[in-house]
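Thanks, everyone, for making time this morning. I would like to walk you through the aromatic side chains of one protein, so please have the sequence and the structure in view while I talk.

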Amino acid sequence: MCYFITFGIDREIPNKIINDFKIKNISVERIFDNKPARVFSSKYKYVYTVTTGMCSCDFFKKTSSEKKFNVYISFLKTLFQILIDKGYLISFYFHMYSGMYGEEDLPILPVTKMKAHDFISNLQNLEEDVVYVTNKYI
């Protein structure tokens, strides 16, 4: 059982950004046709996971040590701040999987729209199984 963070954006992430985070042991990997990819509207057609290699558990207080959590949540905030600064439209979702990632049926609560600043500052307090949307039109 592990958490996975999945996010959809409106265009592809440049390899430079992906490689900059890979150096920090953060894997930003594009996914294609599976159930997590279908969580987002068609506006967010580029879907990625962000993990520390195998899962996203280190990004959450309840599944990580305090030291790891503080490091990794900072990296996650930086990643999303870079994307927001570059004008990406972002949709964000995370879930604790009991089965295989990509195959499990996902519970979806209503979409919650947030301003970019609020999304970044509240990242560590967001709720599981909610689709969060932040974009320049809010």
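Counting ring pairs by centre-to-centre distance gives 14 aromatic pairs, and I should say at once that this is a predicted model. One of those pairs is formed by F92 and F119, whose ring centres are 5.4 Å apart and whose planes meet at 75°, an edge-to-face arrangement. What makes this pair worth pausing on is where its partners come from, since F92 belongs to strand β4, residues 90-97, while F119 belongs to helix α3, residues 116-121, and the two are 27 residues apart, so that the contact links distant parts of the chain.

Are these two rings buried or exposed? F92 has a relative accessibility of 2% and therefore counts as buried, and F119, at 1%, counts as buried because it too falls under the 20% cut-off. Both residues also belong to one aromatic cluster, which is made up of Y3, F7, Y48, F60, F80, F92, F94 and F119.

Next, the charges that sit over rings. The charged end of R11 is placed over the ring of Y88, 4.0 Å from the ring centre, and K24 lies over the face of F21, at 4.9 Å from the centre of that ring.

Finally, a residue outside the aromatic theme: T78 lies in helix α2, residues 66-85, and is partly exposed, with a relative accessible area of 32%. Between T78 and G102, which are 24 residues apart along the chain, the C-alpha separation is 26 Å.

Terms used. Residues are numbered from 1 along each chain as its sequence is written. This is a predicted model: local features need pLDDT of at least 70, side-chain atom pairs count only at pLDDT 80 or more; totals for chains, interfaces and linings use all residues. Side-chain values use heavy atoms; hydrogens and water are left out. Rings of Phe, Tyr and Trp (its six-membered ring) pair if their centres lie within 6.5 Å; planes under 30 degrees apart count as stacked, over 60 as edge-to-face and the rest as tilted. Helices (H or I, at least four residues) and strands (E, at least two) are DSSP runs, numbered from the N terminus. Buried means under 20% relative accessible area, exposed over 50%, partly exposed in between (1.4 Å probe, protein chains only). A charge sits over a ring if NZ of Lys or CZ of Arg is within 6 Å of the ring centre and within 35 degrees of the ring normal.
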